[in-house]
Amino acid sequence: MEQSGVAFGTSGARGLVTAMTDAVCFAYTVGYLRHLAALGEFAPGAPVAVAGDLRPSTPRILRACVAAIRHMGGEPVFCGYVPTPALCLHAFARGCPSLMVTGSHIPADRNGIKFNRARGEFMKSDEAAMRTLDVALPEGWFDADGALIAAGTLPEPTDVVPVYVARYRAFFGPDALSGLRLGVYQHSAVGRDVLMLVVEALGGTAVPLGRADSFIPVDTEAVRAEDAALAREWAATGGLDAILTTDGDSDRPLLADAHGNWLRGDVLGILAARFLGAAAVATPVSSNTALEKSGFAQEVRRTRIGSPFVVSAMTEAAEAGITPSVGYEANGGFLLATDIAQGDRVLHALPTRDAVLPMLCALVLARRQNTDLAGLVATLPPRFTLSDRLMNMPTAQSQAEIEKLARHPAEGASALGFIHQPEDLAHVDQTDGLRMTFANGEVIHLRPSGNAPELRVYVEADTPERAAALLKTGFDAVSVWKTR
């Protein structure tokens with residue numbers, strides 16, 4: 001890990017494609033399976049499900065992972081190029097390990113491997129245990145550049161899509177979206193065709209938009225200016241009720257209303273949790289505080305950023321008997337710790353990020369309340385979050401600057417222009433990064449990304465205009481850190 005620069009982030013191992021050689025990916029996969037063997041979740045002859053996204057580097061990395069599975073005596077089950085939650089739904093139902101080759105939303109010069117346990121996500125304790133393993137590469141398998149000399153082929157794919165689509169048709173019903181004309185921004189998301197199938201299976205009209213041949217890094221937390229412009233253009237000319245899309249591996253949603261305004265993922269999470277009647281909600285500290293102000297959840301648990309932390313918190317709530325228990329991230333990825341029952345329909349637990357569920361919840365909830373998405377969002381307490389990322393900012397440098405700021409946060413916040421007087425800083429939260437809440441209720445949260453050399457800036461305020469101004473203030477202030 002130290003030599004290659006490929007390390008664990010908030011969701012799996014990530015690194016530059018040039019660093020993720022066949023040898024590195026092979027070693028990671030061997031270490032993963034050895035860890036699972038120690039837990040009794042893998043043995044020679046056992047199946048291991050694999051899938052990938054549409055990045056150019058994904059097929060090569062998949063072949064390296066499959067070679068490692070075969071080396072360990074496992075039986076690779078190739079599920080094709082499908083959404084991460086579709087892979088997990090297949091694997092969790094069978095109690096078998098699974099891995100997804102994806103870099104999610106980050107640029108195509110990077111990629112990653114997301115590992116799963118037999119019935120749930122790989123947790124931080126699993127990562128720590130994996131780090132302790134010594135893995136010896138088989139002699140003669142790799143050239144001097146770490147490429148497999150005999151890479152082999154991927155198995156014939158197993159089609160996991162029909163069961164994934166049927167999951168939502170069975171719960172929401174075949175007419176849940178009837179009469180709705182829904183744009184599907186396809187770009188290079190691996191689930192772009194699956195999302196079309198889901199909309200049509202629920203009775204909606206799916207209109208394909210913006211399909212791309214090259215990889216586009218759509219980030220559901222930091223929407224690109226070009227994606228914002230595209231949504232407004234499609235909304236103005238397409239007669240659409242909403243626009244749906246996902247990130248690269250289709251586990252994080254992005255939903256726009258009829259006017260082409262993209263909903264924040266943490267707003268979408270609140271709407272989905274409310275629709276599902278959640279008693280317990282786990283979400284990272286960066287998510288919109290309209291959740292607490294909405295008052296529908298019996299218990300809210302705030303966590304560090306990353307699905308393993310959300311999974312842990314929502315699982316603890318379920319074990320304490322607070323059900324239904326759900327979780328979501330600020331990027332919109334939604335997780336179910338427990339089954340959801342509505343009438344005679346049951347949606348079974350899926351403790352990994354899903355993009356389809358929260359978008360469907362919001363669309364169906366709007367119909368039930370005889371309004372549109374914009375009207376539905378207007379029913380929430382007026383709290384508005386925005387975020388952006390300072391790219392090409394080394395993680396170590398971000399951490400050092402944040403540590404300095406944390407020593408004297410009031411004086412530092414004043415010096416950076418976040419506040420006028422030190423006494424205007426009301427609260428500091430260091431659950432994940434540095435989250436500063438000011439006396440007027442506004443928030444600036446600084447956090448190094450766990451997946452790439454980026455510094456994340458999150459803000460929250462009472463109006464969209466004030467949130468935008470606060471984000472500019474925060475972003476401009478930390479941008480000078482790159483020049484030091």
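Helix 13 is a good place to start in this predicted model. What covers its buried residues? Helix 14 (409-415) is part of the cover of helix 13, along with strand 20 (434-438), strand 21 (443-448) and strand 22 (454-461). The residues beneath that cover are Ser 398, Glu 401, Ile 402, Leu 405 and Ala 406, the buried residues of helix 13. Looking down the axis of helix 13, these buried residues fall within an arc of 140°, so they line one face of the helix. On the other side of helix 13 sit Ala 396 and Arg 407, both exposed. In general, an α-helix has 3.6 residues a turn, so residues three or four places apart point the same way.

Helix 7 can be read in a similar manner. Its buried residues are Asp 227, Ala 228, Ala 231, Trp 234 and Ala 235. Seen down the axis of helix 7, they fall within an arc of 130°, so they line one face of the helix. Ala 225, Ala 236 and Thr 237, on the other side of helix 7, are exposed. Strand 7 (181-187), strand 8 (205-211) and strand 9 (242-246) are among the elements that cover the buried residues of helix 7. Just after helix 7 comes Gly 239, with a positive phi of about 60°.

Here are the lengths of these two helices, set beside the spans expected at 1.5 Å a residue.

| Helix | Residues | Number of residues | Expected span | C-alpha span, end to end |
|---|---|---|---|---|
| Helix 13 | 395-407 | 13 residues | 18 Å | 19 Å |
| Helix 7 | 225-238 | 14 residues | 20 Å | 20 Å |

For helix 13, the two values agree, and for helix 7 the reach is close to what is expected.

Now to the nonpolar cores. The largest nonpolar core has 69 residues, and those with the most contacts inside it are Phe 172, Leu 177, Leu 202, Leu 255, Leu 276, Phe 334 and Leu 357. Which helix gives the most to this core? Helix 11 (residues 356-368) does, with 10 residues. Leu 357 is in contact with Tyr 168, Phe 172, Leu 276, Phe 334, Leu 336 and Leu 347, leaving aside its neighbours within four places in sequence. There is also a second, separate core of 36 residues, and it includes Phe 8, Tyr 32, Val 50 and Phe 115.

The loop between helix 11 and helix 12 (373-377) holds Gln 369. Is Gln 369 exposed, partly exposed or buried? Its relative accessibility is 38%, so Gln 369 counts as partly exposed, given that this class lies between under 20% for buried and over 50% for exposed. Not counting residues up to four places away in sequence, Gln 369 touches Arg 274, Leu 376 and Thr 379. Leu 390 is 21 residues from Gln 369 in sequence, and the two are 39 Å apart in space, C-alpha to C-alpha.

Last comes a sheet. It is an open sheet of 6 strands with mixed pairing, in the order 1-2-6-5-3-4. Its edge strands, strand 1 (7-8) and strand 4 (75-78), each pair on one side only. Strand 5 (residues 98-101) pairs with strand 6 (residues 110-116) in the antiparallel sense, over 4 bridges. In that pairing, Val 101 has Ile 113 of strand 6 as its bridge partner. Helix 1 (residues 22-38) lies across strand 1, strand 2 (13-16), strand 3 (47-52), strand 5 and strand 6, and runs at about 15° to strand 6.

Terms used
Residues are numbered from 1 along each chain as its sequence is written. This is a predicted model: local features need pLDDT of at least 70, side-chain atom pairs count only at pLDDT 80 or more; totals for chains, interfaces and linings use all residues. Side-chain values use heavy atoms; hydrogens and water are left out. Two strands pair if DSSP finds at least two bridges between them. Helices (H or I, at least four residues) and strands (E, at least two) are DSSP runs, numbered from the N terminus. Contact means heavy atoms within 4.5 Å. Axes are lines fitted to C-alpha atoms, for helices over the stretch in contact, and angles run from 0 to 180 degrees between N-to-C directions. The expected span of a helix is 1.5 Å times one less than its number of residues. Buried means under 20% relative accessible area, exposed over 50%, partly exposed in between (1.4 Å probe, protein chains only). The arc is that of the directions from the helix axis to the C-beta atoms. A nonpolar core is a set of buried Ala, Val, Leu, Ile, Met, Phe, Trp, Tyr and Cys residues joined through side-chain atoms within 4.5 Å.
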